[in-house]
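Reader: Hi! I have a protein open on my screen and would love some help finding my way around. Could you walk me through it?
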Amino acid sequence: MKRTKIIDLLATQPGGEVCAKGWVRSHRGSKNVDFIALNDGSTIKNIQVVADPARFDEELLKLITTGACISVEGQLVESVGSGQAVEIQATKIEVLGTCGADYPMQKKGQTFEYMRQHAHMRLRTNTFGAVMRIRHNMAMAIHTYFHEHGFFYFHTPLITASDCEGAGNMFQVTTKNLYDLQKDEEGKIIYDDDFFGEQTSLTVSGQLEGELGATALGAIYTFGPTFRAENSNTPRHLAEFWMIEPEVAFLDQEELMDLEEDFIKYCVRWALDHCQDDLEFLNKMIDKTLIERLQGVLKEEFVRLPYTEGINILQEAIKNGKKFEFPCNWGDDLASEHERYLVEEHFKKPVIMTDYPRAFKSFYMKQNTPVDAANPDGASVGYRGAVAPGPTMQGTDVLFPAIGEIIGGSVREADYDKLMSEIERRQMDQTHLWWYIDTRRWGSCPHAGFGLGFERLILFVTGMQNIRDVIPFPRTPKSAAF
């Protein structure tokens, strides 16, 4: 008999023979009747299988333990119990895969830390099934949004010779014999005989190549894995993570913020519309404010806040007794605690922070016009005419409750002379940036874009607390199992 997915069985009217296959969530037996909760991953909900022990071999029923894989055939009938509309009156049960008492995901409370040690099995639990279905839906939302808005899906290389972020925390890619590295007179590794003939690494971002796509196709987006060799063991960092990076020609700062807000609201709305059962489960088991927080994002217009004004708000809060672990003077890169204070306590809604100091932002960002052009390190006039005490760039970072920064964006510097001046001021190696610089020499255009860490979006939408729990197999320092 052909198998029917459980999500479809639960929406089917009683009557008729059906076949369901899946994994046992629980099995309660007595002399008169056995109840088996069966799940196949298609939905958070189980279907109840009712078996008359007189019809089945006792040894067979003993094999139906938590985690076992079974096939059930029987009559789909109206359920007499609460919690489901239909159930299966079993006429045939086949055990496809047994599961012993040492099964690590027994029906009892386990910590998330414990489950990370068994990542190959944790996907079968209710929590991780819900998270992975939502992850799928968020990917569908992202592709649908950009397709409907005229963006082209653009594939950027995973192997690169350039460092977009300029931080140097990259994983090297090489075919060289690491036990016999040839070096020059200065002690530097010779890469002439390597596969690419030069030092290459896994990419931290597809943005620079994405800008090339935008200056040809008008509007593109990337969606793929990125890598950062940062020795950071925090609940917000991974060594391998997925990024969504749209780039759009002829977009200014105001329009960029409109895009960021519209895009993130679309994704949240998609989750509420398409993941109701999973969200209700996570709202009950993980975060009882989850659905309310998601709905709140849709109700409010995002605050648009220049960095300088944000610093003033934070310093006023300190004067009124607010305690922060990290300093927040003008020129400091804001910590997550500062961002969350602005979002969760001061404004109580998402914030798009703009016009950050040049000192800790990337070289490719467009600089705001200095008040005195003869003094490029002097004050800047940024978004909404805010005057900052130092030079600022047209960044547009979206800050969310419970997360902090979820999107990092900016208008890109389109002027060749200004871009070169910034590259030289930072004493950057131009060897691997010549192609990027060329775009400012030949037909340069205003353009802007942003990067969204996919796992941070999933963190927000699911209410999970650790980024390792929203990706199937997390890659972190000293951990590359599975």
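Author: Happy to! A good place to start is a cluster held together by ring pairs: Tyr 145, Phe 146, Phe 151, Tyr 153, Tyr 221, Phe 263, Tyr 266, Trp 270 and Phe 450. Keep in mind that this is a predicted model.

Reader: Cool. How many aromatic pairs does the structure hold?
Author: There are 23 aromatic pairs in the structure. Take Phe 146 and Phe 151: their ring centres are 4.8 Å apart and the planes meet at 55°, so this pair counts as tilted.

Reader: And are those two buried or exposed?
Author: Phe 146 is buried, because its relative accessibility is 0%. Phe 151 has 9%, under the 20% cut-off, so Phe 151 is buried as well.

Reader: What about the pair of Phe 324 and Tyr 341, how are the rings arranged?
Author: Phe 324 and Tyr 341 sit edge-to-face, with 85° between the planes and 5.7 Å from centre to centre. This pair links distant parts of the chain, 17 residues apart: Phe 324 is in the loop between helix 10 (307-319) and helix 11 (336-347), while Tyr 341 is in helix 11. Both residues are buried.

Reader: Let's zoom out. How many helices and strands does the protein have?
Author: The secondary structure comes to 14 helices and 18 strands. The C-alpha atoms fill a box of roughly 95 × 60 × 45 Å along the principal axes. The protein has 482 residues, and 50% of them count as buried.

Reader: What share of the contacts join residues at least 24 apart?
Author: That share is 69%, counted among contacts between residues at least 6 apart in sequence.

Reader: Can you show me one helix up close?
Author: Sure, try helix 5, which runs over residues 126-148. Its 23 residues reach 33 Å from the first C-alpha to the last, close to the 33 Å expected at 1.5 Å a residue. After helix 5 comes Gly 150, which has a positive phi near 80°.

Reader: Where is Ile 142, and what is it in contact with?
Author: Ile 142 lies in helix 5. Setting aside neighbours within four places in sequence, Ile 142 is in contact with Phe 223, Ile 244, Phe 263, Cys 267, Phe 454 and Leu 457. Phe 263 also belongs to the ring cluster from the start of our chat. Ile 142 has a relative accessibility of 0%, so it counts as buried.

Reader: And how far is Ile 142 from Asp 102?
Author: The two are 40 Å apart in space, C-alpha to C-alpha, and 40 residues apart in sequence.

Reader: New topic! At what angle do helix 12 and helix 13 pack?
Author: Helix 12 (residues 416-425) and helix 13 (residues 434-441) pack at about 150°, and their axes are 8 Å apart. Angles over 145 degrees count as roughly antiparallel, so that is how these two helices are described.

Reader: Which residues meet there?
Author: From helix 12 you have Tyr 416, Leu 419, Met 420 and Ile 423, and from helix 13 Tyr 436, Ile 437, Arg 440 and Arg 441.

Reader: Which residues of helix 13 are buried, and what covers them?
Author: The buried ones are Tyr 436, Ile 437, Asp 438, Thr 439 and Arg 440. Their cover includes helix 6 (207-217), strand 17 (404-412), helix 12 and strand 18 (447-453). Once helix 13 ends, Gly 443 follows with a positive phi near 70°.

Reader: Which residues other than glycine have a positive phi?
Author: Two to look at are Ala 402, with a phi of about 70°, and Gln 427, near 55°. Ala 402 is in the loop between strand 16 (392-400) and strand 17, and Gln 427 is in the loop between helix 12 and helix 13.

Reader: How open are those two to the outside?
Author: Ala 402 is partly exposed, because its relative accessibility is 23%. Gln 427 counts as exposed, because its value is 74%.

Reader: Last one: what does Thr 476 touch?
Author: Not counting residues up to four places away in sequence, Thr 476 touches His 237, Leu 238, Ala 239 and Arg 468. You can find Thr 476 in the segment after helix 14 (454-462). Its relative accessible area is 11%, so Thr 476 is buried.

Technical notes. Residues are numbered from 1 along each chain as its sequence is written. This is a predicted model: local features need pLDDT of at least 70, side-chain atom pairs count only at pLDDT 80 or more; totals for chains, interfaces and linings use all residues. Side-chain values use heavy atoms; hydrogens and water are left out. Helices (H or I, at least four residues) and strands (E, at least two) are DSSP runs, numbered from the N terminus. The expected span of a helix is 1.5 Å times one less than its number of residues. Rings of Phe, Tyr and Trp (its six-membered ring) pair if their centres lie within 6.5 Å; planes under 30 degrees apart count as stacked, over 60 as edge-to-face and the rest as tilted. Buried means under 20% relative accessible area, exposed over 50%, partly exposed in between (1.4 Å probe, protein chains only). Axes are lines fitted to C-alpha atoms, for helices over the stretch in contact, and angles run from 0 to 180 degrees between N-to-C directions. Angles under 35 degrees count as roughly parallel, over 145 as roughly antiparallel, 65 to 115 as roughly perpendicular and the rest as oblique. Contact means heavy atoms within 4.5 Å.
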